[in-house]
Amino acid sequence: QVQLVESGGGLVQAGGSLRLSCATSGDSFSKPNIAWFRQAPGKEREFVAAIRWSGGPSLYADSMKGRFTISRDDAKIAVYLQMNSLKPEDTAVYYCAADRRAPLRIRQTQAAYEYWGQGTQVTVSS
């Protein structure tokens, strides 16, 4: 079992930055892959970025490369999403998700992730 709690969302002007946090907990000894997804009103949930807790390169959606950075903190058992140069189209609810199977090849579909947080709202004003 993996439990996830997102935080750090809010209102920011275009060009600004936010850092989202995903706190993890649970009894499992597994090291899951952790991903960020987002869902804007009227749109499907889309992949943002992901990281393997066990190590290896992170994965980013093309539209996020160069602006977003995913990282982990083993001591705090948390994953972060640093978002820079935010645009109004980044406005969405951002979700943290865990895949306990932790494949070496990170998956980008939401169906691959079995544990989800409640989401945190990010609003970027123009």
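The exercises below, each with a worked solution, deal with the core, one hairpin, the ring pairs and the disulfide of a predicted model.

Residues are numbered from 1 along each chain as its sequence is written, and side-chain values use heavy atoms, with hydrogens and water left out. As the model is predicted, local features need pLDDT of at least 70 and side-chain atom pairs count only at pLDDT 80 or more, while totals for chains, interfaces and linings use all residues.

**Exercise 1. The core**

Find which members of the largest nonpolar core touch the most other members, and which strands supply the core.

Step 1. Start with the terms. A nonpolar core is a set of buried Ala, Val, Leu, Ile, Met, Phe, Trp, Tyr and Cys residues joined through side-chain atoms within 4.5 Å. Buried means under 20% relative accessible area, exposed over 50%, and partly exposed in between (1.4 Å probe, protein chains only).

Step 2. The largest core has 37 residues, and I34, W36, L81, M83 and Y94 touch the most other members.

Step 3. At least two core residues come from each of β3 (18-25), β4 (33-39), β5 (46-52), β7 (68-73), β8 (78-83), β9 (92-99) and β11 (120-125). Strands here are DSSP runs (E, at least two residues), numbered from the N terminus.

Step 4. Take M83 as an example. Leaving aside neighbours within four places in sequence, M83 has contacts (heavy atoms within 4.5 Å) that include L18, L20, F68, Y94 and V122.

**Exercise 2. A hairpin**

Describe how β7 and β8 are paired.

Step 1. Two strands pair if DSSP finds at least two bridges between them. β7 and β8 run antiparallel and are joined by six bridges.

Step 2. Within this pairing, S71 stands opposite Y80 of β8.

Step 3. Four residues lie between the two strands of the hairpin, and I77 in the turn has a positive phi of about 50°.

Step 4. On Y80, R19 lies over the ring face, at 4.3 Å from the ring centre. The rule for a charge over a ring is that NZ of Lys or CZ of Arg is within 6 Å of the ring centre and within 35 degrees of the ring normal.

**Exercise 3. Ring pairs**

Classify the pairs F37 with F47 and Y95 with W116.

Step 1. Rings of Phe, Tyr and Trp (its six-membered ring) pair if their centres lie within 6.5 Å; planes under 30 degrees apart are stacked, over 60 edge-to-face, and the rest tilted. The count is four aromatic pairs.

Step 2. The centres of F37 and F47 are 5.6 Å apart and the planes stand at 80°, so this pair is edge-to-face. F37 is in β4 and F47 in β5, 10 residues apart, and both are buried.

Step 3. For Y95 and W116 the centres are 6.4 Å apart and the planes at 75°, so this pair is edge-to-face. Y95 counts as buried at 14% relative accessibility, whereas W116, at 26%, counts as partly exposed.

Step 4. Ring pairs link F37, F47, Y95, Y113 and W116 into a cluster. R45 lies over the face of W116, at 5.0 Å from the ring centre.

**Exercise 4. The disulfide**

Locate the disulfide and give its handedness.

Step 1. A disulfide is a pair of cysteine sulfur atoms within 2.5 Å. The count is one: C22 with C96, sulfur atoms 1.9 Å apart.

Step 2. C22 lies in β3 and C96 in β9, so the pair ties together parts 74 residues apart in sequence.

Step 3. The torsion about the S-S bond of C22 and C96 is about -75°, so the disulfide is left-handed. Both C22 and C96 are buried.
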